[in-house]
Structure formats: C-alpha cells, structure tokens
Amino acid sequence: MSSSFLKDLEFGNRVELAWMNFMGTITGRDYEQSQGKVSGWDIHDRTENQYYEVKWDTKSCAKWKSFGKEKNPTDNLFIEYVNPSRTPPKATGIRASTSKYWVYVVKHAPDQFVDDDKFGEYKCHAHLFNREKLLTFCENANLQSRDTKRDVGKGEAVNARGWILPWGLVTAPEKETGYLAVYDISAYLSLPILTR
C-alpha cells in the first residue's frame, strides 16, 4: 500500500472516532465504529440504530498543496457517487452508502497553510446531512462532476467521479440539500482518541 493511502486511512479513522466520541458526549448514547473494510457506514448509533458515513475534507475551507504549491480553498464539497472505470460503472460513495446521515468533517484554515496533522492549529467542523435528501438534491441540481483517482497508483485509471457542490448551495434556505447542522469538533480531533 502507498504511504498516501495509509495516511488517508489514518486520518479517516481519526476523524470517524472524533465524530463518534463527540456524539457519545453530547447524546449519551452508545456508538461503534465499523471495523475493517465495511461499505455503507462508518459509525453506528447502537441506541437508536442509526448509521453515519463520515468524510474528511481538507480543501473546501482550508489552504492546501498540490505538487508543492499552495492552493486556495475550493469553496465546495466533492461528493463521490460512481466509479466510472468499472464495466458497468459501479455506484460508490453517496450512492452506495446505507447510512441515514452523511457527515463532512471539514478543516477550516483559509488564511494560511497548516499541515493536517497539526491538530489544535485549525478549526474542524462537522457538517451533518440527511444522506437521501443530499443525494436527491445532487442528482437533480445540474451540478458539475469531476473525475479523480482515489488510492490508486500512477498510470492507473480514474476510479472516482463526484459532484461539485458549492457551499453557497449547501446552506441556502430554499435548497433541499438535507443540511441539518454544523458542530465544532476541533477538540475531539486534537485530543487523544478514545475508542469504544
């Protein structure tokens, strides 16, 4: 496995646990994290039998680097929905998930570049959506799509296509994106993670 794939796994795991521990604190309910490669959900609220898919976003609201050059925040979310390299194309991301809730944990550092692993030096907000409403909105909103590579080596085929959802559409009151709430979980990302 490539080092970038392992780093993505490490951050994805940390973000999932931060969300789980935050929710456990504010609700008092019992949660578990999926183990191994489980498709469809990341966190299970065992008390209410509800499932969450948790995504880590470091580009929409923070400066980021590409080939050593600093880039400004994209001001949008990337919502993966299909692997176009499969025959027939395979549903992925939001279309493959069985979760009721879709969570984007977003790094906020718009003014200067901060390494992802410097927890405590940037804000981290969890944006909560109803997954089915968000999917319906994306399918009907005439959004742009973009292809990218996820966890594959150089020269391999593009394996992820996603919608580009501008933040201005996410929270606009007349839009039906399924947007429910935002929570500051910075402290849960920067403190040692407690597993359940």
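Here are three short exercises on this predicted model, each with a worked solution.

Residues are numbered from 1 along each chain as its sequence is written, and side-chain values use heavy atoms, without hydrogens or water. As the model is predicted, local features need pLDDT of at least 70 and side-chain atom pairs count only at pLDDT 80 or more, while totals for chains, interfaces and linings use all residues.

**Exercise 1. Work out the strand order of the open sheet of 4 strands, and find what lies across strand 6 and strand 11.**

Start with the terms: helices (H or I, at least four residues) and strands (E, at least two) are DSSP runs numbered from the N terminus, and two strands pair if DSSP finds at least two bridges between them.

- Step 1: the order reads 7-6-11-10, with antiparallel pairing.
- Step 2: strand 7 (90-91) and strand 10 (145-148) are the edges, each pairing on one side only.
- Step 3: strand 6 (residues 76-83) pairs with strand 7 over 2 bridges, in the antiparallel sense. Look for V82, which stands opposite A91 in strand 7.
- Step 4: helix 3 (residues 131-140) lies across strand 6 and strand 11 (160-166), at about 90° to strand 11. That angle is taken between N-to-C directions, on a scale from 0 to 180 degrees, using lines fitted to C-alpha atoms, for helices over the stretch in contact (heavy atoms within 4.5 Å).

**Exercise 2. Track down the salt bridges of D30 and D147.**

A salt bridge needs a side-chain nitrogen of Lys or Arg within 4 Å of a carboxyl oxygen of Asp or Glu.

- Step 1: searching the whole structure turns up 8 salt bridges.
- Step 2: D30 meets R46 at 2.9 Å, N to O. D30 sits in the loop between helix 1 (3-27) and strand 1 (31-33), and R46 in the loop between strand 2 (43-45) and strand 3 (50-62), so the pair ties together parts 16 residues apart in sequence.
- Step 3: add E32, and you have a salt-bridge network of D30, E32 and R46.
- Step 4: D147 meets R161 at 2.6 Å, N to O. This pair links strand 10 to strand 11, 14 residues apart.

**Exercise 3. Are E53 and K55 buried or partly exposed?**

Buried means under 20% relative accessible area, exposed over 50%, partly exposed in between (1.4 Å probe, protein chains only).

- Step 1: the two side chains form a salt bridge at 3.4 Å, N to O.
- Step 2: E53 has 9% relative accessibility, so E53 is buried.
- Step 3: K55 has 25%, so K55 is partly exposed.
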